[in-house]
Amino acid sequence: MENLLHLAPSYTSLPDAFVIPPDRLTLATSAAVSLPVIDLSGSRDEVCRAIVDAGKEFGFFQVVNHGVSDLAIRDMESLCEEFFRLPAADKAHLYSEDSRRPNRLFSGSSYDTGGVKYWRDCLHLTCAFPVGDSTEGWPGKPPRFREVVEKFAAATRGAGMELLRLLCHGMGLRPGYFECDISGGDLVLRVNHYPPCPDPSAALGLPPHHDRNLITLLLPGMVVPGLQVAYNGHWVDVEPVPNAFVVNFGKQLEVVTNGALKSVEHRAATNPARARTSVATFIRPTADCLVGPAEKFVGEGSPPCYPALTFSDYMHIHNVARLEPSLTQKDI
(Lines give C-alpha, C1' and ligand atoms only; values in the text may rest on other atoms or scores of the structure.)
Protein backbone atom coordinates (compact mmCIF):
# COMPACT_ATOMS: atom_id res chain seq x y z
CA MET A 1 0.00 0.00 0.00
CA GLU A 2 2.90 2.36 0.61
CA ASN A 3 3.53 2.35 -3.15
CA LEU A 4 0.20 3.96 -3.98
CA LEU A 5 0.87 7.48 -5.17
CA HIS A 6 -2.55 8.91 -4.33
CA LEU A 7 -2.14 7.95 -0.66
CA ALA A 8 1.31 9.50 -0.27
CA PRO A 9 1.95 13.07 0.91
CA SER A 10 2.24 15.63 -1.87
CA TYR A 11 5.62 15.49 -3.62
CA THR A 12 7.55 18.75 -3.98
CA SER A 13 9.95 17.23 -6.51
CA LEU A 14 9.89 14.25 -8.83
CA PRO A 15 11.65 11.18 -7.37
CA ASP A 16 14.52 9.98 -9.54
CA ALA A 17 12.82 6.64 -10.25
CA PHE A 18 10.13 8.45 -12.27
CA VAL A 19 12.45 10.64 -14.34
CA ILE A 20 12.42 9.54 -17.98
CA PRO A 21 15.65 10.21 -19.90
CA PRO A 22 15.16 13.15 -22.32
CA ASP A 23 15.94 10.99 -25.35
CA ARG A 24 12.95 8.79 -24.45
CA LEU A 25 10.46 11.58 -23.71
CA THR A 26 9.40 13.55 -26.77
CA LEU A 27 6.96 16.29 -25.82
CA ALA A 28 3.58 16.57 -27.50
CA THR A 29 3.36 18.66 -30.65
CA SER A 30 1.61 22.02 -30.63
CA ALA A 31 0.11 21.30 -34.04
CA ALA A 32 -3.67 21.66 -34.17
CA VAL A 33 -4.66 18.04 -34.85
CA SER A 34 -8.04 16.83 -33.62
CA LEU A 35 -9.39 13.30 -33.56
CA PRO A 36 -12.56 12.82 -35.62
CA VAL A 37 -15.78 12.94 -33.60
CA ILE A 38 -18.32 10.49 -35.01
CA ASP A 39 -22.03 10.78 -34.27
CA LEU A 40 -23.32 7.21 -34.16
CA SER A 41 -26.90 8.42 -34.66
CA GLY A 42 -26.15 9.27 -38.29
CA SER A 43 -26.96 7.10 -41.30
CA ARG A 44 -25.41 3.65 -41.12
CA ASP A 45 -23.41 3.96 -44.34
CA GLU A 46 -22.00 7.36 -43.36
CA VAL A 47 -21.11 6.19 -39.85
CA CYS A 48 -19.40 3.05 -41.18
CA ARG A 49 -17.40 5.07 -43.67
CA ALA A 50 -16.39 7.60 -40.98
CA ILE A 51 -15.22 4.82 -38.61
CA VAL A 52 -13.11 3.13 -41.28
CA ASP A 53 -11.63 6.43 -42.50
CA ALA A 54 -10.80 7.55 -38.95
CA GLY A 55 -9.36 4.14 -38.14
CA LYS A 56 -7.08 4.16 -41.17
CA GLU A 57 -5.97 7.76 -40.64
CA PHE A 58 -5.57 7.90 -36.86
CA GLY A 59 -6.37 4.50 -35.34
CA PHE A 60 -8.32 6.60 -32.81
CA PHE A 61 -11.59 8.54 -32.88
CA GLN A 62 -14.26 9.81 -30.52
CA VAL A 63 -17.91 8.77 -30.57
CA VAL A 64 -21.05 10.52 -29.35
CA ASN A 65 -24.65 9.28 -29.22
CA HIS A 66 -23.19 5.86 -28.45
CA GLY A 67 -26.06 4.57 -26.33
CA VAL A 68 -24.39 4.87 -22.91
CA SER A 69 -26.57 7.25 -20.92
CA ASP A 70 -25.25 10.51 -19.52
CA LEU A 71 -26.36 9.29 -16.09
CA ALA A 72 -24.33 6.08 -16.36
CA ILE A 73 -21.28 8.12 -17.35
CA ARG A 74 -21.69 10.71 -14.57
CA ASP A 75 -22.32 8.01 -11.97
CA MET A 76 -19.21 6.11 -13.06
CA GLU A 77 -17.01 9.21 -13.02
CA SER A 78 -18.24 10.25 -9.57
CA LEU A 79 -17.89 6.74 -8.16
CA CYS A 80 -14.31 6.34 -9.38
CA GLU A 81 -13.24 9.69 -7.98
CA GLU A 82 -14.90 8.77 -4.68
CA PHE A 83 -13.10 5.41 -4.64
CA PHE A 84 -9.69 7.07 -4.78
CA ARG A 85 -10.69 9.39 -1.94
CA LEU A 86 -11.48 6.45 0.37
CA PRO A 87 -9.22 5.95 3.40
CA ALA A 88 -6.35 3.52 2.89
CA ALA A 89 -7.92 1.00 5.28
CA ASP A 90 -10.94 0.61 3.01
CA LYS A 91 -8.72 -0.36 0.04
CA ALA A 92 -5.92 -2.35 1.67
CA HIS A 93 -7.48 -5.76 0.84
CA LEU A 94 -7.52 -4.86 -2.86
CA TYR A 95 -3.84 -3.99 -3.17
CA SER A 96 -1.71 -6.55 -5.02
CA GLU A 97 1.33 -6.64 -7.27
CA ASP A 98 0.25 -10.04 -8.67
CA SER A 99 -0.86 -9.35 -12.26
CA ARG A 100 -2.73 -12.69 -12.31
CA ARG A 101 -5.31 -11.40 -9.86
CA PRO A 102 -8.47 -10.46 -11.80
CA ASN A 103 -9.45 -7.68 -9.40
CA ARG A 104 -6.80 -5.58 -7.71
CA LEU A 105 -5.43 -2.15 -6.92
CA PHE A 106 -1.84 -1.44 -7.93
CA SER A 107 0.53 1.38 -8.85
CA GLY A 108 2.95 2.33 -11.59
CA SER A 109 5.37 3.08 -8.78
CA SER A 110 5.61 -0.68 -8.14
CA TYR A 111 6.98 -1.62 -11.55
CA ASP A 112 10.29 -0.92 -13.18
CA THR A 113 9.70 -0.78 -16.95
CA GLY A 114 12.88 -0.11 -18.86
CA GLY A 115 14.43 1.45 -15.77
CA VAL A 116 11.56 3.90 -15.19
CA LYS A 117 8.43 3.96 -13.05
CA TYR A 118 5.15 5.60 -14.08
CA TRP A 119 2.93 8.14 -12.31
CA ARG A 120 -0.33 6.17 -12.10
CA ASP A 121 -2.44 4.16 -9.68
CA CYS A 122 -4.95 1.71 -11.13
CA LEU A 123 -8.01 -0.27 -10.10
CA HIS A 124 -8.23 -3.34 -12.36
CA LEU A 125 -11.60 -5.12 -12.61
CA THR A 126 -12.79 -8.08 -14.68
CA CYS A 127 -16.27 -9.46 -15.29
CA ALA A 128 -17.88 -12.05 -17.52
CA PHE A 129 -21.11 -11.57 -19.47
CA PRO A 130 -23.79 -12.07 -18.44
CA VAL A 131 -22.40 -10.64 -15.20
CA GLY A 132 -23.86 -13.10 -12.69
CA ASP A 133 -21.41 -13.80 -9.85
CA SER A 134 -18.34 -12.62 -11.77
CA THR A 135 -18.10 -9.45 -9.67
CA GLU A 136 -16.93 -11.35 -6.60
CA GLY A 137 -13.81 -9.61 -5.38
CA TRP A 138 -14.92 -6.16 -6.50
CA PRO A 139 -14.73 -3.34 -3.93
CA GLY A 140 -17.63 -3.07 -1.51
CA LYS A 141 -17.13 0.67 -1.11
CA PRO A 142 -18.19 3.31 -1.99
CA PRO A 143 -21.90 2.50 -1.69
CA ARG A 144 -23.52 1.35 -4.96
CA PHE A 145 -20.10 0.43 -6.37
CA ARG A 146 -21.26 -2.85 -7.88
CA GLU A 147 -24.54 -1.43 -9.17
CA VAL A 148 -22.92 1.54 -10.89
CA VAL A 149 -19.99 -0.38 -12.40
CA GLU A 150 -22.19 -3.25 -13.65
CA LYS A 151 -24.53 -0.81 -15.38
CA PHE A 152 -21.63 1.11 -16.92
CA ALA A 153 -19.80 -2.06 -18.01
CA ALA A 154 -22.87 -3.56 -19.69
CA ALA A 155 -23.69 -0.33 -21.52
CA THR A 156 -20.11 0.28 -22.63
CA ARG A 157 -19.67 -3.29 -23.84
CA GLY A 158 -22.90 -2.88 -25.81
CA ALA A 159 -21.52 0.27 -27.45
CA GLY A 160 -18.29 -1.54 -28.28
CA MET A 161 -20.12 -4.47 -29.86
CA GLU A 162 -22.17 -2.06 -31.98
CA LEU A 163 -18.92 -0.43 -33.17
CA LEU A 164 -17.62 -3.87 -34.16
CA ARG A 165 -20.84 -4.56 -36.09
CA LEU A 166 -20.40 -1.25 -37.91
CA LEU A 167 -16.80 -2.20 -38.68
CA CYS A 168 -17.98 -5.46 -40.21
CA HIS A 169 -20.22 -3.50 -42.55
CA GLY A 170 -17.59 -0.88 -43.34
CA MET A 171 -14.76 -3.38 -43.95
CA GLY A 172 -16.81 -5.91 -45.90
CA LEU A 173 -16.61 -8.66 -43.28
CA ARG A 174 -19.52 -11.04 -42.89
CA PRO A 175 -22.12 -9.84 -40.35
CA GLY A 176 -21.42 -11.16 -36.90
CA TYR A 177 -17.71 -11.78 -37.52
CA PHE A 178 -16.83 -10.23 -34.15
CA GLU A 179 -19.49 -12.08 -32.17
CA CYS A 180 -18.79 -15.12 -29.96
CA ASP A 181 -15.25 -16.10 -28.92
CA ILE A 182 -13.35 -13.28 -30.58
CA SER A 183 -15.15 -10.79 -28.33
CA GLY A 184 -16.25 -13.22 -25.64
CA GLY A 185 -13.41 -12.97 -23.15
CA ASP A 186 -13.91 -11.42 -19.73
CA LEU A 187 -14.46 -7.69 -19.97
CA VAL A 188 -11.63 -5.71 -18.37
CA LEU A 189 -12.09 -2.26 -16.85
CA ARG A 190 -9.13 -0.22 -15.74
CA VAL A 191 -9.78 2.84 -13.64
CA ASN A 192 -6.59 4.87 -14.07
CA HIS A 193 -5.84 7.58 -11.53
CA TYR A 194 -3.05 10.08 -12.23
CA PRO A 195 -2.33 12.22 -9.13
CA PRO A 196 -0.81 15.69 -9.54
CA CYS A 197 2.79 15.26 -10.69
CA PRO A 198 5.56 17.63 -9.54
CA ASP A 199 7.24 17.63 -12.97
CA PRO A 200 5.10 16.48 -15.92
CA SER A 201 7.87 17.47 -18.35
CA ALA A 202 10.02 14.60 -17.02
CA ALA A 203 7.45 11.88 -16.26
CA LEU A 204 4.57 9.93 -17.81
CA GLY A 205 1.48 8.32 -16.40
CA LEU A 206 1.70 5.47 -18.91
CA PRO A 207 4.51 4.69 -21.35
CA PRO A 208 3.97 4.48 -25.11
CA HIS A 209 2.12 1.24 -25.82
CA HIS A 210 -0.33 -0.58 -28.08
CA ASP A 211 -3.47 -2.17 -26.66
CA ARG A 212 -3.37 -5.97 -26.94
CA ASN A 213 -7.12 -6.60 -27.01
CA LEU A 214 -9.73 -6.25 -29.77
CA ILE A 215 -11.15 -2.78 -29.19
CA THR A 216 -10.94 -0.20 -26.37
CA LEU A 217 -13.43 2.43 -25.24
CA LEU A 218 -11.97 5.10 -22.98
CA LEU A 219 -13.86 7.53 -20.79
CA PRO A 220 -11.00 10.02 -20.66
CA GLY A 221 -12.04 12.34 -17.81
CA MET A 222 -13.05 15.93 -18.43
CA VAL A 223 -11.03 17.76 -15.77
CA VAL A 224 -7.72 17.83 -17.63
CA PRO A 225 -6.54 16.20 -20.86
CA GLY A 226 -3.88 13.51 -20.63
CA LEU A 227 -4.20 11.00 -23.45
CA GLN A 228 -1.62 11.47 -26.20
CA VAL A 229 -1.70 9.63 -29.53
CA ALA A 230 1.13 9.03 -31.99
CA TYR A 231 0.37 10.67 -35.34
CA ASN A 232 2.77 11.27 -38.24
CA GLY A 233 5.82 11.06 -36.01
CA HIS A 234 4.42 13.37 -33.32
CA TRP A 235 2.56 13.03 -30.05
CA VAL A 236 -0.84 14.69 -30.23
CA ASP A 237 -2.93 15.74 -27.21
CA VAL A 238 -6.50 14.40 -27.28
CA GLU A 239 -9.01 17.03 -26.18
CA PRO A 240 -11.94 15.20 -24.58
CA VAL A 241 -15.47 15.87 -25.82
CA PRO A 242 -18.30 15.88 -23.24
CA ASN A 243 -20.04 12.50 -22.95
CA ALA A 244 -17.85 11.01 -25.67
CA PHE A 245 -15.78 7.83 -25.62
CA VAL A 246 -12.33 7.71 -27.20
CA VAL A 247 -12.12 4.52 -29.28
CA ASN A 248 -9.02 2.73 -30.49
CA PHE A 249 -8.25 -0.59 -32.12
CA GLY A 250 -6.26 -3.30 -30.36
CA LYS A 251 -3.65 -5.63 -31.85
CA GLN A 252 -6.22 -8.41 -32.34
CA LEU A 253 -8.22 -6.19 -34.70
CA GLU A 254 -5.03 -5.29 -36.55
CA VAL A 255 -4.38 -9.01 -37.02
CA VAL A 256 -7.93 -9.75 -38.24
CA THR A 257 -7.70 -6.99 -40.88
CA ASN A 258 -4.16 -8.09 -41.83
CA GLY A 259 -2.89 -4.62 -41.04
CA ALA A 260 -5.56 -2.65 -42.91
CA LEU A 261 -6.47 -1.13 -39.53
CA LYS A 262 -3.60 -0.44 -37.14
CA SER A 263 -3.30 -0.50 -33.38
CA VAL A 264 -1.73 2.89 -32.77
CA GLU A 265 0.75 3.75 -30.05
CA HIS A 266 -0.47 6.04 -27.25
CA ARG A 267 0.59 7.19 -23.79
CA ALA A 268 -0.67 9.18 -20.78
CA ALA A 269 0.70 12.56 -19.70
CA THR A 270 0.40 14.01 -16.21
CA ASN A 271 -0.65 17.38 -14.79
CA PRO A 272 1.09 19.44 -12.08
CA ALA A 273 -2.05 20.72 -10.36
CA ARG A 274 -5.01 18.44 -11.01
CA ALA A 275 -5.56 14.71 -10.72
CA ARG A 276 -7.12 12.89 -13.68
CA THR A 277 -9.20 9.72 -13.55
CA SER A 278 -10.06 7.77 -16.70
CA VAL A 279 -11.89 4.49 -17.30
CA ALA A 280 -10.76 2.12 -20.04
CA THR A 281 -13.01 -0.75 -21.16
CA PHE A 282 -11.27 -3.57 -23.03
CA ILE A 283 -13.20 -6.04 -25.19
CA ARG A 284 -11.04 -9.07 -25.89
CA PRO A 285 -11.13 -12.68 -27.15
CA THR A 286 -11.45 -15.78 -25.00
CA ALA A 287 -8.11 -17.32 -24.02
CA ASP A 288 -8.38 -20.21 -26.52
CA CYS A 289 -9.77 -18.14 -29.42
CA LEU A 290 -7.54 -18.50 -32.51
CA VAL A 291 -7.04 -15.06 -34.04
CA GLY A 292 -5.57 -14.66 -37.51
CA PRO A 293 -6.13 -12.58 -40.65
CA ALA A 294 -9.65 -12.93 -42.04
CA GLU A 295 -9.98 -14.49 -45.50
CA LYS A 296 -11.35 -11.16 -46.75
CA PHE A 297 -7.90 -9.59 -46.34
CA VAL A 298 -5.73 -12.45 -47.62
CA GLY A 299 -5.25 -13.53 -51.20
CA GLU A 300 -3.03 -13.23 -54.25
CA GLY A 301 -0.68 -10.34 -53.64
CA SER A 302 -1.87 -10.04 -50.03
CA PRO A 303 -0.18 -12.74 -47.96
CA PRO A 304 -0.97 -12.99 -44.25
CA CYS A 305 1.21 -10.54 -42.33
CA TYR A 306 0.52 -12.13 -38.95
CA PRO A 307 0.51 -15.72 -37.70
CA ALA A 308 -2.71 -17.15 -36.30
CA LEU A 309 -2.33 -17.45 -32.51
CA THR A 310 -4.65 -18.14 -29.64
CA PHE A 311 -5.18 -15.07 -27.55
CA SER A 312 -3.47 -16.73 -24.57
CA ASP A 313 -0.39 -17.54 -26.68
CA TYR A 314 -0.31 -13.97 -27.98
CA MET A 315 -0.44 -12.59 -24.45
CA HIS A 316 2.31 -14.96 -23.32
CA ILE A 317 4.58 -13.87 -26.17
CA HIS A 318 3.81 -10.23 -25.45
CA ASN A 319 4.66 -10.60 -21.77
CA VAL A 320 7.94 -12.35 -22.59
CA ALA A 321 8.80 -9.63 -25.10
CA ARG A 322 8.34 -7.00 -22.38
CA LEU A 323 11.01 -8.74 -20.35
CA GLU A 324 13.43 -9.44 -23.22
CA PRO A 325 15.08 -6.30 -24.67
CA SER A 326 16.03 -8.26 -27.80
CA LEU A 327 12.37 -8.64 -28.74
CA THR A 328 10.46 -5.70 -30.18
CA GLN A 329 6.82 -4.94 -30.85
CA LYS A 330 7.35 -6.08 -34.45
CA ASP A 331 8.27 -9.56 -33.21
CA ILE A 332 4.76 -10.05 -31.82
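## Two sheets and the helices packed on one of them

Strand β3 makes a handy starting point, since both of its faces are covered: Arg 104 and Phe 106 on one side are buried, and so are Leu 105 and Ser 107 on the other. As usual, side chains in a regular strand alternate between the two faces of the sheet. β3 runs antiparallel to β4, and four bridges join the two. Within this pair, Arg 104 sits opposite His 124 of β4.

All of this comes from a predicted model. Its mean pLDDT is 91, and 93% of the residues reach 70 or more. The stretch to treat with care is 323-332, where pLDDT stays under 50. For those residues the model has eleven contacts beyond four places in sequence.

Zooming out from β3, the sheet it belongs to is an open one with eight strands, in the order β1-β2-β10-β7-β12-β5-β4-β3, and the pairing is mixed. β1 (37-39) and β3 (104-107) stand at the edges; each has a single partner strand, so one side of each lacks a neighbour in the sheet. Direction ignored, neighbouring strands here are turned by 25° against each other on average.

Further along the sheet, β2 (residues 60-64) pairs with β10 (residues 245-249) in the antiparallel sense, over four bridges. Phe 60 faces its opposite number, Asn 248, in β10. Helix α1 (residues 44-57) packs on this sheet and touches β1, β2 and β10, with a direction that makes about 160° with that of β1. Helix α3 (residues 145-171) also packs on the sheet. The strands that α3 touches are β2, β4 (121-127), β5, β7, β10 and β12, and its direction makes about 130° with that of β7.

What about β12 (residues 276-283) itself? Eight of its eight residues are buried. On one side these are Arg 276, Ser 278, Ala 280 and Phe 282, and on the other Thr 277, Val 279, Thr 281 and Ile 283. Strand β5 (residues 187-194) runs antiparallel to β12, with seven bridges between them, and His 193 stands opposite Thr 277. Strand β7 (residues 215-219) is also antiparallel to β12, this time joined by five bridges. There, Leu 219 is found opposite Val 279.

The two helices named above also meet each other. The axes of α1 and α3 come within 9 Å and cross at roughly 90°, and the helices are therefore roughly perpendicular to each other. From α1, the residues involved are Arg 44, Asp 45, Val 47, Cys 48, Ile 51 and Val 52. From α3, they are Glu 162, Leu 163, Arg 165, Leu 166, Leu 167, His 169, Gly 170 and Met 171. Sorted by character, the residues of this contact come out as eight nonpolar, two polar and four charged.

Helix α3 also holds Cys 168, which counts as buried because its relative accessibility is 3%, under the 20% cut-off. Its C-alpha atom is separated by 8.7 Å from that of Cys 48, although the two residues are 120 apart along the chain. Leaving aside neighbours within four places in sequence, Cys 168 is in contact with Leu 173, Arg 174, Gly 176, Tyr 177 and Phe 178.

Then there is another open sheet, made of four strands in the order β6-β11-β8-β9, with antiparallel pairing. Here β6 (206-209) and β9 (234-237) stand at the edges with a single partner strand each, so one side of each has no neighbour in the sheet. The average turn between neighbouring strands of this sheet is 25°, direction ignored. Strand β8 (residues 227-231) pairs with β9 in the antiparallel sense over four bridges, and Ala 230 stands opposite Trp 235 in β9.

Finally, a few spots have unusual backbone geometry: most residues other than glycine have a negative phi, and most peptide bonds are trans. Asn 232, in the loop between β8 and β9, is not a glycine but has a positive phi of about 50°. At 62% relative accessibility, Asn 232 counts as exposed. Asn 65 has a positive phi as well, of about 55°, and lies in the loop between β2 and α2 (70-85). With a relative accessible area of 51%, Asn 65 is exposed. The peptide bond between Lys 141 and Pro 142 is cis, with omega of about 0°, and Pro 142 belongs to the loop between β4 and α3.

Definitions and conventions
Residues numbered from 1 in each chain as written. Predicted model: local features only at pLDDT ≥ 70, side-chain atom pairs only at ≥ 80, totals over all residues. Heavy atoms only, no water. pLDDT = per-residue confidence, 0-100. Contact = heavy atoms within 4.5 Å. Buried < 20%, exposed > 50% of the residue type's maximum accessible area, 1.4 Å probe, protein only. Pairing = 2+ DSSP bridges. Axes fitted to C-alpha atoms, helices over the stretch in contact; angles between N-to-C directions. Parallel < 35°, antiparallel > 145°, perpendicular 65-115°, else oblique. Nonpolar A, V, L, I, M, F, W, Y, C, P; charged D, E, K, R; others polar.
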